[in-house]
Amino acid sequence: MRTLLLLLLPFFIQGQTCLYLAYDGFDYGSNLPLNGLSGGGGWSQAWYVQNGDVVLPGYQSSTAAGSLMFGNLQTIGRHATGGRVYLTAGRRLDTSDSGPFSDYVATGQNGIGTQTGDTLWMSALLRKDQNNNSSVYAGLHGSDLSWCDNCTAEKVEFGYFEGQSDVGGQRRWTLRIGNTYYPTSIPVTIGTEAFFVVEIRLLAGSTAVNLYVNPAQLGNGNPAPEMSQSSATPFVFRSSVAYLGNSPGYGSVDEIRLASSYACAAPDNTITVNLPPVAVISATPNDGMAPLGVNLSGTASYDPEGSPLTYTWDFGDGSPADTGATKTHTYPALGQLTVQLTVEDITGLQHTTYQTITVRDDNNTFPCLSSFSLVQTANCSGGTGIIRINDHPQNFTLRNSIGTVLPPVNGNEFHNLAPGIYTYTASNAAGCTDTFALHVPVDSTACPGWQPDSCALKIGTNLSGFADWATERPLRNLMKHVRPDYIAFDDGCFCWSNGNASGIVTDANGYPTSVPQNFNGVDNKVRYVISSEGANLPQGQTYVLLYDGTGTLNVGGSVVETGNVPGRIQFNVLAADNLFFIIHTSQLGDHVRNIRILRLADEFSDIEAQPFYQGFLNKIAPFTTLRFMDWGATNFNPAVQWSDRTPLTYFTYGTPQGVPYEMMVKLANHTQKDVWICVPHAADSSYVAQMATLFRDSLDANLTIYLEYSNEVWNWFFSQAQYNDQTAPSNLNYGRAMAQKAGRTFKIWNDVFGEQSVRVKRVLGLQAGFNYLNEQILSQLDPSEWDYGSPTSYIGLDHSASGNPVLNASSTLQDVIANARNGWASFRPALRQDYRNVRLFGKEIINYEGGQHFVGNALGIPYPYQQAMYDAQYSPEIYGLYDDMLDTLRYWGVELFGNFILASPQESVYGSWGVLNDIDIQPPFITNAPKYQALLDNGCLNGCDGYPAAPVNTWTGFGDGTHWSDAANWSRGMVPLPCQEVLIPAGAEVLLPNGVDGFGKTLEVQQNAELDVGTGGTLEIGN
């Protein structure tokens, strides 16, 4: 809430002073299009007439001076008139947390009425100017799309509504609440303005409305309402709307006010009103070639009461806001960008005005922002293709391969197109141009006898993020999986945490430089959570905690320590519990550091050279590609500069910045898997370039890099979506803004890789099934700037009453699968349209994620049938569901399916994402991990027991020592898998250490070679 500095304005003290929450007195010049006008205060946008219409006569400021009038009502300026061809006009209110409506807006909700208990007043003057039945009305509604009151049932409007306001043949002024109309007893008089005031009480369970029409008293009067009604549900408002008839000159509107009292909504000459300031922009030049330097000035702005002003600039190109009366700004981006100047007086009233800056390329043009749909591909016989031009300027053409201009159908479609490439060109009077090569492919699936290549669909997998609650455990050093937030406590607090962790001084790798440390008056010790519910450290195993330095530590939770000497603690995990260790003392100058937590069998392994857990390597062996989105902590990643990354030597990789890229490269090189890399959304150009350099120089050159800008930038749950929206140029919607950022990332990588750029495949992420958004994303960049379009292929559940079958407490796993299968069937057409639209640009499709999408209600609240959702994860039916889904993708020609994810708990309300419940699950997978088995069976593998076949793995002895478990000792850089032929050549000495298992399809130990098998392990050959 805002505190008003009224004491600084002594001339306001006399009587009541009104500060409008929002106001537009239509104090504009003569005969201007209403679209783009922005007078008054309390708004977040200028007026928008449906379709951006600026045709005159139409919605416009009046040609003659003077306001509409009612009694002693205060007025200024002119008024607005309309309408035109059934168009509606609207203006978005400033409903931000810190805006003028803050008392009515709950934090982060961006809508009036999300905070209930207050009363809002709105008033306006309306006049019906023609003797016909065309509607003329104004009011409030809940849509972000300011003109679109029919997009929502949340509306309170007043005026004349054709067909709803006639009583006994008489036109009556009418109140509309939602979709219900309440005619008053007051007749409409053509050519005579009427003054409307609505009192809206924002209640927890409803919205109550009092309507005043031509009230007998203004100002401090207390008239009786003409009508009182209410809604059955609470309403939320975001925009003001005006409909002024079907043709020019049909209606007029003036003096739109929103206020917190009747006196301020209906001020007569006894009321003191503090009017909003007036912002004025001067931009020199406002048109030119990029990079365009523009001098901006707001010095002509003023406040009617003479108050000093503050100035805030939004440059319109996504760069940060700035303050000051004058600014110089350089515009690198192309297009017609809108700079905004907001001025604020000392009472907090604001006004924002807008100025278009046109930035052109060296051909003196800029993009028109056309977008397209491939409505239909060509059939095997030829000419059945259909292209629709969705967004286009005034002039556009489509030519076939010999240059013939094709006639449009229905204004924006081209039908009966043969397979081939078509050229689209467009332009407008402002100087924009677009040129695209649009492809019409043949739909092979409709050709008689056609069948897809059974091995054409590659199967990749996403990997889980590092966390102590994750069951994937990719590293031998389990300390690298723990959470980064250690906990401070002291012996006197008798508490888990005393809240002093922020005061602990640590070294560069996150280890306290000494323990205890005095902070906030107590001697603080630290504890680290290392396993939640046994996920990171499964029960029934023996572990060692190793460390350098001088100190005392112990391990807690359901463990028993079997040894604790300086530098080493051995312990057994007894239960699936929350486990931790405590540093009781750590000597300054030789502090406890380099902590490792290892399985006992890995104690003497070289975890620097061979950091990966063999059980993890076995499970990823079938996949062609590894997507490191969660390894990189892509969602919510705060990294901006290269120095923000997690160091290789940091105590954990479970940080907000994620796993070091060096570790991703090491895994890819070790396993010879292609990589899918996501660039953090806020990474600066230097970060992106250094990231590209690292992968160029350290990843094996034979491996492919799939490159993606962030992840699901359209998903408003993630901070990258907010960032993208807040930094979007004013001429681009959030889909196009994301594509633009992706294009910049792609260009940096392309420049770094140079002649090696063929190694990098540039991927545009898409929101599966949201065809409009994806059309915008795909149309933003030149097709030469990207390689693949990538939606998901999730199979979700319809939890609504329209689900088939409807799910309830008695639902079985079969019901869950049937619901998912039917939902997938209904979703496929929208997904198929996305695929067609990708191919329109001559590109192919890969899926960044996919699989079942069975998630608890509101990301954490179980459904009554939650157990059935869990049971389905282990059922033969879900194997069939995956099989059918992958068959569909293969049939549609998808090149790569990215499973989400490899291993995570199946019974979680946050989603049963993993195809494995735990990384250590062993075959037969058809019974304990049917989703994993489905991936194996669809990956064209020729193996046994669910593992892939591979060439002979020969002992080389290149590792450190003679251990079988050291992958560096084997020719393929991997410890032998169950389906490999194993060769130990003459003269080799091989040790299968105590407690370590070995595998092979066949085993040949040549003459003079030696294989020693330790105790507690198993050597399985020919399984």
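Helices α7 (residues 771-780) and α8 (residues 813-839) pack at an angle of about 15°, and 10 Å separates their axes. Here helices (H or I, at least four residues) and strands (E, at least two) are DSSP runs, numbered from the N terminus. Axes are lines fitted to C-alpha atoms, for helices over the stretch in contact, with angles running from 0 to 180 degrees between N-to-C directions. That angle makes α7 roughly parallel to α8, a label for angles under 35 degrees (over 145 is roughly antiparallel, 65 to 115 roughly perpendicular, the rest oblique).

All of this comes from a predicted model, where local features need pLDDT of at least 70, side-chain atom pairs count only at pLDDT 80 or more, and totals for chains, interfaces and linings use all residues. Residues are numbered from 1 along each chain as its sequence is written, and side-chain values use heavy atoms, leaving out hydrogens and water.

Now for a second pair. The axes of α3 (residues 661-671) and α4 (residues 685-698) come within 10 Å and cross at roughly 25°, which makes α3 roughly parallel to α4 as well. Y661, E662, V665 and N669 of α3 meet Y687, M691, L694, F695 and S698 of α4, where contact means heavy atoms within 4.5 Å.

Here is who sits in each contact. Ala, Val, Leu, Ile, Met, Phe, Trp, Tyr, Cys and Pro count as nonpolar, Asp, Glu, Lys and Arg as charged, and the others, Gly among them, as polar.

| Pair | Angle and axis distance | Contact residues |
|---|---|---|
| α7 and α8 | about 15°, 10 Å | 3 nonpolar, 4 polar, 2 charged |
| α3 and α4 | roughly 25°, within 10 Å | 6 nonpolar, 2 polar, 1 charged |

On to α12 (residues 930-937), a helix that is mostly covered: 7 of its 8 residues are buried (under 20% relative accessible area; exposed is over 50%, partly exposed in between, with a 1.4 Å probe and protein chains only). The buried ones are P930, K931, Y932, Q933, A934, L935 and L936. Their cover includes the helices α2 (614-620), α10 (876-891) and α11 (925-928), plus β33 (458-462), β50 (850-853) and β51 (896-899).

Finally, take V136, which sits in strand β8 (residues 136-141). With a relative accessible area of 0%, V136 counts as buried. Leaving aside residues up to four places away in sequence, V136 touches L126, R127, K128, G159, Y160, W173, Y243, L244, G245, Y250 and G251. W913 is another story: 777 residues along the chain from V136, with 53 Å between the two C-alpha atoms.
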